[in-house]
Amino acid sequence: MASAMSLLSEKQFLCSLCRDVFSKPVTVPCGHSFCMACIERHWKSSGAYQCPLCKKRFKEKPDLSVNRLLAEITEEFKKTRMVKSVAASEKDPPVPQIKKAQLGKILAEHQQKVQDRMKKLEEISQCRKLMKDSAEREIEESKQVFAALLCSLERSQAELIELIEQKRREAEWKAEGLIAELEKEIWELQSRSVELEQLVQTEDQTEFLQRSASLSSPPYIKNWSDITVLADPSLGAGRKAVTNLVKKCQEEVQKLTDIELKRIQQYSDGVTLDPNTAHPYLIISQDGKKVRLGTKRQAVPDNSKRFDHVANVLGKQFFTSGRHYWEVDVGEKTEWDLGVAKQSIDRKGKITVSPENGYWSMCLRNGNQYTANNATSTPLLLQPKPWKVGVYVDYEEGQVSFYNVETRTHIYTFMDTFTEKLRAFFGPGLHHDGKNSAPLIISPAIHKSWETELV
């Protein structure tokens with residue numbers, strides 16, 4: 001069988017500028033690698049930041065740092081080449097077979113390390129490409145969402161201005177009509193006042209009697225005491241417009257949550273329950289996917305891992321890095337607990353679930369009381385009631401989030417810093433006269449994420 005080194009070409013370890021084995025290799029944005037001194041010298045002499053191989057130009061000088069993985073692989077190659085050179089030299093005295101066997105073993109180990117690292121290099125390069133594609137997709141989607149929000153904002157502002165202007169015009173039209181009516185009544189009253197004044201001063205008895213009959217009866221005039229003109233006819237219009245805008249923003253947030261949940265689901269893990277941690281009254285299915293509260297104590301050994309006071313159980317898997325997601329069918333249960341917990345939590349006696357005590361969880365009580373279990377419990381108003389809850393953990397980001405899978409909505413997120421192993425956490429709750437006897441069921445994984453840890 002061909003050796004691992006035979007699959008590699010020496011060209012893979014040579015700088016295309018100096019034609020020698022890499023010294024402090026660096027990788028430019030287009031993906032090609034050179035000695036740091038060689039590329040610096042090339043850019044200085046050419047006066048342009050351009051890849052010597054693919055001729056791709058860079059607007060600014062790229063930040064260069066040693067590609068540690070490539071440097072390590074190159075160092076392994078140098079050692080391997082040196083070992084081969086020593087073994088092939090005819091001038092050297094004969095080497096005992098035992099030494100050759102040892103060197104052969106070292107050579108094989110080095111070659112395997114090179115192969116492993118070349119494979120990991122390809123894997124990380126592919127991951128980098130996926131990251132770029134994901135970032136570009138995220139940027140495009142965010143542009144669309146914010147464009148829609150800006151459009152809604154501008155439209156809401158225009159509609160608000162038009163509404164205010166319309167109400168102003170209506171109020172002005174009403175005020176002008178009232179002013180005209182008042183002016184007419186004032187003119188009529190003033191005219192009658194002049195006639196009455198003249199009649200009072202007349203000495204003609206006949207004229208007085210003739211005119212007094214018509215002037216003594218008051219003319220019809222409107223009762224103006226209850227008539228008002230509002231100085232702010234558009235009061236409340238701004239609040240209503242902003243309320244509508246908030247509703248629109250919530251709709252856009254809902255769209256984003258749907259997109260977010262679709263991406264999160266690709267990190268689905270095959271989470272199963274650990275019977276060794278289950279309270280003695282809990283019954284775990286053979287596949288480790290269901291847990292319910294039994295009616296009698298199970299014949300299980302007592303150990304330091306097992307909950308002995310509260311009916312809880314932990315997941316079998318440990319989380320020390322990366323992203324993880326699982327879904328739990330809660331159905332019509334009236335009580336349950338879900339989340340994650342530290343490996344080091346105390347499982348004996350009464351337990352208070354909170355981040356301070358190593359739990360990041362939410363719960364349901366009394367059929368409709370949802371709570372995020374903080375130091376001071378945070379009530380959650382959930383409508384409609386979730387039938388399936390998604391739990392997402394991002395270890396590096398210190399994030400634990402919960403989702404209503406059916407409505408594709410976000411429920412709550414804890415943000416913290418994780419330094420220990422984490423495990424999934426479940427509590428099916430008490431029976432409550434049979435109303436809560438159904439099990440919690442871990443849904444099948446949708447996707448399986450892959451890790452990129454260096455071997």
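Mentor: Helices are DSSP runs of H or I with at least four residues, strands are runs of E with at least two, and both are numbered from the N terminus. This is a predicted model. With those terms, His279 is placed in the loop between α5 (237–264) and β3 (282–284).

Trainee: Why is His279 called buried or exposed?

Mentor: Its relative accessible area is 10%. Buried means under 20%, so His279 is called buried.

Trainee: Which residues does His279 touch, not counting those up to four places away in sequence?

Mentor: His279 touches Arg306, Phe307, Asp308, His309, Val310, Ala311 and Asn312. A contact means heavy atoms within 4.5 Å, so each of these residues has a heavy atom within 4.5 Å of one in His279.

Trainee: Now the sheet. What makes β5 and β14 a pair?

Mentor: Two bridges join β5 and β14, in the antiparallel sense. Pairing requires at least two bridges, so these strands pair. Within this pairing, Val313 has Phe426 of β14 as its bridge partner.

Trainee: How do you know that β7 and β14 pair?

Mentor: Strand β7 (residues 336–342) and β14 have six bridges, again antiparallel. At least two are needed, so they count as paired. Val340 stands opposite Ala424 in β14.

Trainee: What makes β9 and β10 a pair?

Mentor: Strand β9 (residues 369–372) is linked to β10 by three antiparallel bridges. The cut-off is at least two bridges, therefore they pair. Thr371 has Pro379 in β10 as its bridge partner.

Trainee: What is the strand order in the open sheet?

Mentor: The order is β5-β14-β7-β8-β9-β10, six strands with antiparallel pairing.

Trainee: Why are β5 and β10 called edge strands?

Mentor: β5 (313–314) and β10 (378–380) each pair on one side only.

Trainee: Strand β5 covers 313–314; what makes it a strand?

Mentor: A strand is an E run of at least two residues. The run 313–314 meets that minimum, so β5 counts as a strand.

Trainee: Is strand β14 mostly covered or uncovered?

Mentor: Strand β14 (residues 422–427) is mostly covered, with six of its six residues buried. Buried means under 20% relative accessible area, so each of those six residues falls under 20%.

Trainee: How many helices and strands does the protein chain have, and what share of it is buried?

Mentor: The protein chain has five helices and 15 strands. Of its 455 residues, 35% count as buried.

Conventions
Residues numbered from 1 in each chain as written. Predicted model: local features only at pLDDT ≥ 70, side-chain atom pairs only at ≥ 80, totals over all residues. Heavy atoms only, no water. Buried < 20%, exposed > 50% of the residue type's maximum accessible area, 1.4 Å probe, protein only.
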